[in-house]
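Trainee: I'm new to this one, so could you walk me through it?
Mentor: Sure, ask away once it's on the screen.

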Amino acid sequence: AMKLSSDYFSACLLGLASGDALGAPYEGGFLEQALWRAIGRTRAGERRWTDDTRMSLDLAESLLARGELDLADLASRFAKGYAWSRGYGQGTAKILKRIKRGQDWQLASRSVFSQGSYGNGAAMRAPVIALFYARDFSAMLHATSESARITHSHPLGIEGAVLVALACYALLHQLSTADALTLLTSHCADPRLAGKLDFLQCFSNSGKLADTPRFIVGKLGNGMTAETSCLTAIYIALRFRHSPFEEMMAFAIDCGGDVDTIAAMAGAMWGAANGEKRLPPFLLEKRSYIRHIGQLLFDINEPA
Ligand code: R7I
Ligand code: MG
Ligand code: MG
Ligand code: MG
């Protein structure tokens, strides 16, 4: 089996939380940004992260406690972890409040969008599944689409999650950018996402690195939906995979829109590729706990 190291598992989760925390001040309009200036730091001065990291930790804790994906357990952890101040997506917030009140998760999951959400909420936590199933590719694919069911059963919500999990998996296993894109293309069915993947392939073949954030956003998007954010995050991670984290982050901020989530997804991929030593060491909420969870996700993959 390929050699993996716990450093890269921790870095994937820390990269996710770092992108989230560093991107959060730029999300939303004037009011949201003013609010985040007021509540975006803990009393100790650490940068707080948002729903993206909270739900990723809920998912990791559930997988580690149950040893497999257990949707009832995961739904109750998502509900317990819900807090208004983390800026959850509107649909997700409604679903989690229903579960908190005791409604069955399967009923709650269809209460907002009848087909399930096509937001990026399932994709933003998909890196955790790539880590938990780092040595079982087909289990990873299956668990990623299953894990979307509580909040994001829409085909686009699911497919965005699968592409993000695959990209994390590819970078954790140190695949080349060309091989990573081939892998993603072979698991992409939706024509809208496939069209954007074609764009990434062209970018990778041309070796062109100078495209501006404005141009990339025009091609790939910067929204809250899976369709308009997942490929943007994958592009950013592949383009900056050998560059400093701060450069990747600056580009993500310049892209605007759903910055915390695009930077969380790109940050997770970047961390999986680069390991902990290259991550910026700023004061981050629960940094050592997040590192510890990454180590546990590594340990579960170690052949006894
Ligand atoms: O996807 P989700 O959990 O979170 C998305 C964002 C991230 O940026 C987080 O950082 C947080 O800030 O929220 O939230 P959802 O509410 O499931 O989806 C996000 C948005 O996508 C919704 O609020 C809708 O505007 C839109 N959306 C839909 N609109 C119409 N019909 C998602 N699905 C639908 C739909 O089926
Ligand atoms: Mg968020
Ligand atoms: Mg938001
Ligand atoms: Mg967001």
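Trainee: Which residues are the protein donors of the magnesium ion (ligand 2)?
Mentor: First, some housekeeping: this is a predicted model, where local features need pLDDT of at least 70 and side-chain atom pairs count only at pLDDT 80 or more, while totals for chains, interfaces and linings use all residues. Residues are numbered from 1 along each chain as its sequence is written, chains are lettered from A and ligands numbered from 1 in the order in which they are written, and side-chain values use heavy atoms, with hydrogens and water left out. Donors are N, O and S atoms within 2.8 Å of the metal (3.2 Å for Na, K and Ca), and sites may look incomplete because water is not among the atoms. Lying 2.1 to 2.3 Å from the ion, they are T50 (OG1), D51 (OD), D52 (OD) and D260 (OD).

Trainee: How are the donor residues of that magnesium ion (ligand 2) spaced in sequence?
Mentor: Three of the letters come in a row and the last follows after a long "x" stretch, giving T-D-D-x207-D.

Trainee: Is T50 buried or exposed?
Mentor: Buried means under 20% relative accessible area, exposed over 50%, and partly exposed in between (1.4 Å probe, protein chains only). T50 has a relative accessible area of 4%, so T50 is buried.

Trainee: And why does D52 count as it does?
Mentor: The cut-off is again under 20%. D52 counts as buried because its relative accessibility is 0%.

Trainee: Which residue bridges the magnesium ion (ligand 4) and the magnesium ion (ligand 2)?
Mentor: Start with ligand 4: its protein donors are D258 (OD), D260 (OD) and T261 (OG1), at 2.0 to 2.2 Å, spaced D-x1-D-T in sequence. D258 and D260 are both buried. The two ions, ligand 4 and ligand 2, lie 3.6 Å apart, and the residue that bridges them is D260.

Trainee: How far apart are the magnesium ion (ligand 2) and the magnesium ion (ligand 3)?
Mentor: This is another pair that includes ligand 2. The distance between ligand 2 and ligand 3 is 5.0 Å.

Trainee: What share of ligand 1 does the protein bury?
Mentor: Of the 21 residues around ligand 1 (near means a heavy atom within 4 Å), G91, T92, S117, H152 and D258 come nearest. An oxygen atom of ligand 1 is 2.6 Å from a side-chain N or O atom of S117, and a backbone N or O atom of G91 lies 2.7 Å from an oxygen atom of ligand 1. Taken alone, ligand 1 exposes 690 Å² (Shrake-Rupley method, 1.4 Å probe), and the protein buries 83%.

Trainee: Where does T92 sit, and what does T92 touch?
Mentor: T92 is in helix α5 (residues 90-100); helices are DSSP runs (H or I, at least four residues), numbered from the N terminus. With a relative accessible area of 11%, T92 is buried. Contact means heavy atoms within 4.5 Å, and beyond residues up to four places away in sequence, T92 touches M55, T151 and H152.

Trainee: Which helix gives the most to the largest nonpolar core?
Mentor: A nonpolar core is a set of buried Ala, Val, Leu, Ile, Met, Phe, Trp, Tyr and Cys residues joined through side-chain atoms within 4.5 Å. The largest has 105 residues, and M269 is among those with the most contacts inside it. With 13 residues, the helix that gives the most to this core is α9 (residues 155-172).

Key
Helices (H or I, at least four residues) and strands (E, at least two) are DSSP runs, numbered from the N terminus. A polar contact is a pair of N or O atoms within 3.5 Å; within protein, one must be able to donate a hydrogen and the other to accept it, and residues adjacent in sequence count only if both atoms are side-chain atoms.
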